[in-house]
Amino acid sequence: MGTVILGTGSCLPRKALTNFDLEKIVDTSDEWIRTRTGIESRRIGGKGEKTYQIATAAARQALDMAGVAPEEIDLLIVGTISSHMLMPSCACFVQKEIGAVNAFAYDVNAACSGFLYGIDIADKQIRADHDFKVLVIGAETLSSRLNWRDRNTCIVFGDGAGAAVLGHSDDDGRGVIGTNHCSDGRLWQLLYMHNAPSTNPDLLVADNPGVHIVMEGREVFKYAVKAMEDSIVGLFGKTGLTMADVDLIIPHQANMRILKKVAERLEMPEEKVVLNVMNYGNTSAATIPIALDETNRAAMLRPGDTVLFCTFGGGFTWGATLISW
Ligand SMILES: CC(C)(COP(=O)(O)OP(=O)(O)OC[C@H]1O[C@@H](n2cnc3c(N)ncnc32)[C@H](O)[C@@H]1OP(=O)(O)O)[C@@H](O)C(=O)NCCC(=O)NCCS
């Protein structure tokens, strides 16, 4: 008995940008990108595909699968760092689009960890009130937040959205088993995105490069591997489970090399790790719910399966979650 995922959904923008397309934009090659990241293609949002619009499409699918009406949603959370407006939140736009008139809605800014942080919040709300229904979305159009002249970053990220509807189940042995989330703001300079420059001269930040992602790739790589490993080990410690109990692993799709390192260190069986980073790149808060939805729709999840999620992102933020499906 616990907090369960009642339905999932996802939405990917139509336009695909392959590594070969990128060769025409920056000094790079398909071979370099594939070897260093495992990424082959990513999606790029276009007209009618703003963050809230792809979030809305994913949300509608998740509600449909869950058999939950928009009016039944009590809380709507969007994990995002690329909403088309700073205020109102992306969550309020989605609320308006789907007609979730009884919900309160807000965004979680936790970069790539936004979706799992949202699941954590949802779980706590639902434990406190078993009638509560929560819609958690991860949605990004990072293509609008990239410096397309910076080959260190523009090859890594992509656009997409995924959603999950959560509620309480009385079924024995089902639901969120545990979560283990962390942040460390001291490391912010390794992966960040400025605001637009301030209009208040007293609050101007020197060298503000504007609204795009800046990243120290090598450092991020090292921290990401260690942080994901530590959070999973910590979560196993909290829950008394081990890797042998896990049926499926849905990690944040940062890049193939990071995932291979984490898998190697924790002896994750390769066939249990869900990977789609080659198709979509790193869609930040959206990678986990997109991968979850694809897995769910491919009927790869059976009731009672133990699913491990793990993430890492700017902040730094990171963590792991275990769910009995
Ligand atoms: C970004 C990343 C792929 C770069 O790979 P790397 O092996 O660390 O590469 P480096 O940055 O050390 O650069 C190595 C060389 O490749 C070059 N290079 C960088 N990007 C390139 C590109 N897109 N194409 C071709 N060459 C590139 C560099 O200029 C450098 O050249 P030099 O040796 O002549 O100076 C890697 O650091 C990484 O995956 N980091 C984690 C990123 C991530 O997942 N972020 C999100 C976390 S949520």
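This tour goes from the ligand outward to one pair of strands.

The model is predicted: local features need pLDDT of at least 70, side-chain atom pairs count only at pLDDT 80 or more, and totals for chains, interfaces and linings use all residues. Residues are numbered from 1 along each chain as its sequence is written, and side-chain values use heavy atoms, leaving out hydrogens and water.

**Stop 1: the ligand.** Select the ligand and the 20 residues around it. A residue belongs here if one of its heavy atoms lies within 4 Å. Thr28, Arg36, Arg151, Arg218 and Asn255 come nearest.

**Stop 2: its nitrogen atoms.** Look for polar contacts (N or O pairs within 3.5 Å). A side-chain N or O atom of Thr28 sits 2.7 Å from a ligand nitrogen. For Trp32, a polar side-chain atom lies 3.4 Å from a ligand nitrogen. Gly217 uses a backbone N or O atom, at 2.9 Å. The protein covers 76% of the 960 Å² of accessible area that the ligand has on its own (Shrake-Rupley, 1.4 Å probe).

**Stop 3: the shell by element.** Select α2 (30–37) and α6 (217–239); these helices (DSSP H or I runs of at least four residues) each give two or more residues to the shell. The largest share, four residues, comes from α6. Now colour by domain: domain 1 (2–169) and domain 2 (175–324) each supply at least three shell residues. The bounds come from an automatic or database domain assignment.

**Stop 4: strand β11.** Move to residues 248–251, a strand being a DSSP E run of at least two residues. Leu248 and Ile250 are buried on one side, Ile249 and Pro251 on the other. Buried means under 20% relative accessible area (1.4 Å probe, protein chains only). Add β12 (residues 306–313), which pairs with β11 in the parallel sense over four bridges; pairing takes at least two DSSP bridges. Finish on Leu248 and its bridge partner in β12, Val307.

Definitions and conventions
A polar contact is a pair of N or O atoms within 3.5 Å; within protein, one must be able to donate a hydrogen and the other to accept it, and residues adjacent in sequence count only if both atoms are side-chain atoms. Buried means under 20% relative accessible area, exposed over 50%, partly exposed in between (1.4 Å probe, protein chains only).
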